[in-house]
Amino acid sequence: MGSDSRRIAHDDDLLHFWRATGAPMMHGARLTCAVCLALLVSFYLQLSAPYWAGTTAAIVCLPVLGATLRKGQARLVGTIVGALFVVSLAALFPQNRMGMLLGMAAWCGVCGFAMTLLDSFASYGAALAGYTAVIIAGTAIETPDQFFTHAISRASEISIGIACATVVLIVTARARAVETLSAALAAVIAETARETFAALRVAGPNSPDRRPARRALIKRTIALRPTIDDAIGESSEVRLRQSALHAALEGVFEAISDWRAMAGHAKRLSGAEARRLAQAVVDALPDQLTELLASGDPQKWTRNPAALRDACASAARELGAMESEDASLVLMAASMTEWLTAAARTANGLALLLDPARARNVASHRPGLSGKDLLPALINGLRVFATIVAAEAFWITTAWPSGLSAITFAAVNVILISPKNELAASDATLAVIGVCVAALLAAVAKFALLPQQDSFAGLCLVLSLILIPFGALSAVPRLAPVFTRMTVNVLPFTALTNVISYDQTAFYNQMLGIVVGCVFAAIALQLIPPAPQRLRASRLLTATRDELRALAASLRAPSRSAWEARIYNRLAALPEAAEPVQAGNLVAALSVGTEIIRLRRSAEQFGLENDAQRFLTKMARGDLLGANAALSELDRDLASIPGQTPGGSARLKSRANILALAEALDTHTAYLMREALR
């Protein structure tokens with residue numbers, strides 16, 4: 001019995017070791033295969049700088065298949081755009097080096113600005129458009145008569161690297177993003193459901209404060225965006241119907257908002273009254289569905305998501321038909337109806353991932369650029385422009401032969417690292433360390449190991465000694481800033497060509513140019529810090545408050561989905577150091593904006609546009625006391641409409657919406673009335 005226990009423990013240790021080291025080592029092996037394949041194709045085609053193809057393959061190759069596929073597509077588009085721009089720039093400034101250099105710096109600044117505004121792999125494509133132009137110019141600016149030829153060569157080498165990394169990943173990597181996303185999405189919505197029904201069980205003024213739990217769920221939901229992009233890259237089915245995934249994510253946010261609305265209203269009631277209303281809402285749901293939702297078990301969401309979607313949608317329709325003269329009960333029922341509808345959208349997203357044939361196509365407002373703050377993008381664009389101009393001035397002043405290499409790697413580093421905001425300076429410093437270590441490894445490989453090899457297989461063996469272990473370490477998140485730079489810079493240092501040159505002077509000049517370029521980027525990111533986190537959070541909240549007032553003043557309100565997409569972008573952009581109450585204020589703004597949009601429609605339905613306009617005017621001016629008085633008057637006018645008349649149910653729901661809006665305004669008065677957030 002003791003030997004069996006020891007054997008089981010030993011097997012568990014081996015399994016843990018494999019999980020910890022196996023995936024990174026596989027990534028290192030795939031990265032090495034991609035690099036070697038890119039070099040082989042480039043050597044065969046007799047390209048002038050095959051190491052750019054290998055470097056591209058190393059950069060594009062990521063541990064996740066979907067990320068690599070989408071990153072490769074973005075890099076290809078960015079490469080083409082960058083090549084076209086730099087060729088156009090050369091035609092615009094023929095024989096004018098100063099105009100060429102300033103135009104190139106300005107272009108990179110624009111790309112740095114766009115990279116910060118855009119999301120995910122579109123952001124990476126903008127980065128590529130910037131530093132591809134610098135790579136091409138760096139090899140061609142000394143020979144302007146061959147500019148077009150150099151542009152074609154560099155673009156071809158980069159495209160070969162993308163293609164080779166994509167082929168290797170498709171052949172060797174397992175698609176895991178869909179599985180990872182379904183598990184993470186199910187965990188978030190299951191936790192939201194468990195918390196919601198737990199809140200209903202203890203509803204009342206003395207119920208526990210669950211705001212930290214809501215904020216934690218908001219952060220976890222925001223963190224799913226990159227995984228959604230990975231899943232879209234892996235699955236053509238998901239890519240064609242990706243709006244269902246975006247709707248699923250919106251569903252989680254909306255469920256959290258509805259949970260907040262129900263819990264907030266219950267806190268304003270007596271304990272007995274709050275529990276009575278909560279129990280009435282729960283009793284209106286099927287027992288089996290209530291048990292499933294309250295369990296908080298993610299596996300119950302993934303077992304048959306299409307059936308769960310239909311059950312939530314059916315329960316929402318039945319609960320939505322509830323009629324009562326009790327506005328509080330109608331508000332709780334309406335919030336739960338919205339909650340169930342949101343949960344159905346999330347379950348439909350899970351169905352797309354796990355059972356695509358039963359998933360439904362749904363419309364979703366893509367996040368896009370709405371709600372983005374321009375200040376961080378402007379600062380990052382300035383950092384990129386200033387870094388490249390400084391490197392160019394240094395080259396012109398010193399006439400250093402390796403100055404163009406310094407400009408190239410200064411551009412690559414500052415463009416890629418600058419959007420990391422507070423982490424940028426430290427990551428740039430770690431990148432310098434990684435580049436210095438890569439230089440030492442490249443020197444050993446080029447002058448001690450490569451001269452002993454006389455075949456391509458020998459070259460691959462030498463590269464694998466470096467790329468496999470360091471590629472594996474680059475897959476560990478906390479080690480990535482150092483080991484990623486070590487991995488991708490080995491090839492530029494060795495400068496592999498069809499006929500390898502072992503000129504030590506040329507090697508050290510190239511090495512010094514790359515290191516100096518990385519140092520330029522690190523110094524610039526230290527000297528030009530990002531906007532402070534408190535300022536960024538303040539700007540997001542101020543902009544949201546101002547847009548709430550503009551929403552009230554506007555004669556033509558945006559759609560509900562457009563408003564939600566705007567606030568979701570703000571939530572995603574909220575810095576880590578933001579105070580918990582700030583996330584709560586954004587969620588409250590989401591609810592207030594939604595209720596204002598509903599209020600406009602219900603006022604038109606009942607012919608109370610003048611009453612609604614009085615409230616909207618007060619709201620637009622920031623006069624919340626007057627806005628609440630106008631809401632009370634609007635509620636009295638709605639109450640005077642007989643309940644037996646057609647639209648009686650809609651009237652009661654409108655009164656419930658007014659009550660929810662009044663409570664949200666009262667709870668967040670300090671935020672909504674403030675003229676400037678300090």
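Author: Happy to chat about this one; a quick term to start with: contact, or touching, means heavy atoms within 4.5 Å. This is a predicted model, so local features need pLDDT of at least 70 and side-chain atom pairs count only at pLDDT 80 or more, while totals for chains, interfaces and linings use all residues. Residues are numbered from 1 along each chain as its sequence is written, and side-chain values use heavy atoms, with hydrogens and water left out.

Reader: Great, so what does Phe615 touch, leaving out residues up to four places away in sequence?

Author: Phe615 touches Ile596, Leu599, Ala627, Ala630, Leu631, Leu661 and Leu665 on that count.

Reader: And which residues touch the most other members of the largest nonpolar core?

Author: Those are Trp301, Met336, Trp339, Leu340 and Phe615, in a core of 105 residues. A nonpolar core here is a set of buried Ala, Val, Leu, Ile, Met, Phe, Trp, Tyr and Cys residues joined through side-chain atoms within 4.5 Å. Buried means under 20% relative accessible area, exposed over 50%, and partly exposed in between (1.4 Å probe, protein chains only).

Reader: Which helix gives the largest share of this core?

Author: Helix α16 (residues 327–354), with 14 residues. Helices are DSSP runs of H or I with at least four residues, strands are runs of E with at least two, and both are numbered from the N terminus. Apart from this core lies another one of 98 residues, including Ala49, Trp107, Trp395 and Leu404.

Reader: Switching topic: how many disulfides are there?

Author: Zero, taking a disulfide as a pair of cysteine sulfur atoms within 2.5 Å. For Cys164, the nearest cysteine sulfur is that of Cys36, 10 Å away. For Cys436, the nearest is that of Cys518, 8.1 Å away.

Reader: Is Cys164 buried or exposed?

Author: Cys164 counts as buried, because its relative accessibility is 6%. Cys436, at 34%, counts as partly exposed.

Reader: Nice. Why is helix α9 described as largely enclosed?

Author: Because nine of the ten residues of α9 (residues 225–234) are buried. Among them are Arg225, Asp229, Asp230 and Glu234.

Reader: And out on the surface, which residues form a nonpolar patch?

Author: Leu76, Ile80 and Leu84, with about 270 Å² of accessible area together. Ile80 sits in helix α3 (residues 65–92) and is partly exposed at 46%.

Reader: Last one: where is Val167?

Author: Val167 is in helix α6 (residues 147–172). Val167 and Ala34 are 133 residues apart in sequence, and their C-alpha atoms are 8.0 Å apart in space.

Definitions and conventions
Patch = residues over 30% accessible without salt bridge, like charges linked within 9 Å, V, L, I, M, F, W, Y side chains within 5 Å. Areas by Shrake-Rupley, 256 points an atom, 1.4 Å probe, with all protein chains shown as cover. Salt bridge = Lys/Arg side-chain N within 4 Å of Asp/Glu carboxyl O.
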